[in-house]
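User: I'd like to go through this fold piece by piece before I head back to the bench. Can you take my questions one at a time?

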Amino acid sequence: MHEVHVVVTGASRGIGAAMARRWLSLGARVTLVARQVAALEEIASGGKGFVIGADLSAPDSGTDWVDAAEAAMGPIDVLVNNAGVQLVGPTVEADVTEGERLLRVDLLAPMRLTRRVLPSMLARGRGTIVDVASMAALAPTPGMFYYNAAKAGLAAASEALRGELRGTGVHVVTVYPGPVDTEMAQRALAKAGDGAARHLPMGDVDTLARKVTAAVDDRRDRVIYPASYGLARHFPQVTRWLMDRLTPPFRGG
Ligand SMILES: NC(=O)c1ccc[n+]([C@@H]2O[C@H](COP(=O)([O-])OP(=O)(O)OC[C@H]3O[C@@H](n4cnc5c(N)ncnc54)[C@H](OP(=O)(O)O)[C@@H]3O)[C@@H](O)[C@H]2O)c1
């Protein structure tokens with residue numbers, strides 16, 4: 001069942017590392033992509049792993065490494081667009097260059113990779129694209145100007161692509177993590193000081209990784225984790241009101 005080739009971007013730590021480890025433990029062939037090659041190699045050694053060092057923020061970094069990954073591990077069955085960066089702080093002080101770099105990593109690279117693997121998946125009549133968006137796509141967070149835009153864009157593209165591909169055998173899973181304990185989440189929380197955002201429910205990477213692999217196997221449409229954040233999907237106005245009041249420190253308030 002797990003004789004598949006899975007590509008996980010941003011596999012050197014956090015959620016991506018947990019997903020790569022989970023698929024490796026299930027016997028999948030896994031291509032791990034990120035900039036920190038030593039970390040990728042350590043994780044890849046836990047099974048049939050193949051390491052690609054790539055900076056997904058480079059405007060012309062392209063997708064040329066996909067050929068090397070497929071030559072080593074076979075056609076890609078599952079593409080996990082997970083690599084991401086976050087900027088938190090007052091928008092008026094945001095570094096425009098950093099913001100546009102975020103858009104390349106969090107939005108344009110996933111779209112470019114999806115476009116690259118789709119023809120082969122469609123020709124084979126199977127495959128799964130997993131897009132790791134964020135709760136920020138459902139409940140935009142004050143103080144995350146570029147991140148909200150990138151994640152909302154990725155989620156919208158992801159949800160619509162699933163409908164477009166219905167009946168082709170190619171499936172799309174959209175993932176909406178709330179706070180999950182990683183370096184990224186800890187950096188954001190540090191900015192929250194003693195604010196109420198500190199007390200939001202926080203998930204763990206291994207549980208999320210199990211939920212994502214199960215969603216791929218069961219062809220579920222989306223994963224929202226921790227589950228309490230399902231509120232954001234069903235009652236977006238309530239969640240936006242809450243986020244606006246819980247996160248003033250993120251905008252320098
Ligand atoms: N943790 C949360 O609370 C949370 C909530 C909602 C959504 N998410 C999303 O979940 C995904 C993973 O987040 P995380 O919390 O695991 O973050 P993390 O611990 O900061 O890990 C981010 C990963 O992305 C990779 N990455 C960053 N910039 C890259 C670049 N230019 N080129 C290639 N790879 C790059 C990093 O690898 P290198 O540094 O080695 O390149 C790292 O492996 C992100 O898309 C994030 O937005 C996280």
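User: Leaving aside neighbours within four places in sequence, which residues is W23 in contact with?
Analyst: Keep in mind that this is a predicted model. Skipping the neighbours within four places in sequence, W23 is in contact with H2, V6, V8, A28, V30, V78, V80, V212, T213 and V216.

User: Which residues touch the most other members of the largest nonpolar core, and which helix gives this core its largest share?
Analyst: That core has 33 residues, and V8, M19, W23 and V80 touch the most other members. The largest share amounts to 7 residues, and the element they come from is helix α1 (residues 14-25).

User: How many residues are in the other core that lies apart from it?
Analyst: Among the members of that other core are V66, I76, L118 and L165. Its count of residues is 21.

User: What is the strand order in the open sheet, and why do β3 and β7 each have one side without a neighbour there?
Analyst: The 7 strands pair in parallel, in the order β3-β2-β1-β4-β5-β6-β7. Each of the two strands you ask about has a single partner strand, so one side is left without a neighbour in the sheet. That puts β3 and β7 (222-225) at the edges.

User: Which strands does helix α4 touch where it packs on the sheet, and what angle does its direction make with that of β4?
Analyst: Helix α4 (residues 96-124) touches β1 (5-9), β4, β5 and β6 (170-177). Its direction and that of β4 make an angle of about 170 degrees.

User: And what angle does the direction of helix α7 make with that of β7?
Analyst: Helix α7 (residues 205-218) also packs on the sheet, touching β4, β5, β6 and β7. With the direction of β7, its own makes about 165 degrees.

User: Over how many bridges do β2 and β3 pair, and which handedness does their β-α-β unit have?
Analyst: Strand β2 (residues 29-34) pairs with strand β3 (residues 48-53) in the parallel sense, over 6 bridges. A34, for one, stands opposite G53 in β3. Together with helix α2 (residues 37-44), β2 and β3 make a unit that is right-handed.

User: Is N81 buried or exposed, and which side chain makes a polar contact with that of N81?
Analyst: N81 sits in strand β4 (residues 78-81). Buried means under 20% relative accessible area, and N81 has 3%, so it counts as buried. A polar contact of 3.2 Å joins its side chain to that of T114.

Technical notes
Residues numbered from 1 in each chain as written. Predicted model: local features only at pLDDT ≥ 70, side-chain atom pairs only at ≥ 80, totals over all residues. Heavy atoms only, no water. Helix = DSSP H or I, 4+ residues; strand = E, 2+ residues; numbered from the N terminus. Buried < 20%, exposed > 50% of the residue type's maximum accessible area, 1.4 Å probe, protein only. Polar contact = N/O pair within 3.5 Å; in protein donor to acceptor, adjacent residues only side chain to side chain. Pairing = 2+ DSSP bridges. Right-handed = clockwise from strand over helix to strand, strands pointing away. Core = buried A, V, L, I, M, F, W, Y, C linked by side-chain atoms within 4.5 Å. Contact = heavy atoms within 4.5 Å. Axes fitted to C-alpha atoms, helices over the stretch in contact; angles between N-to-C directions.
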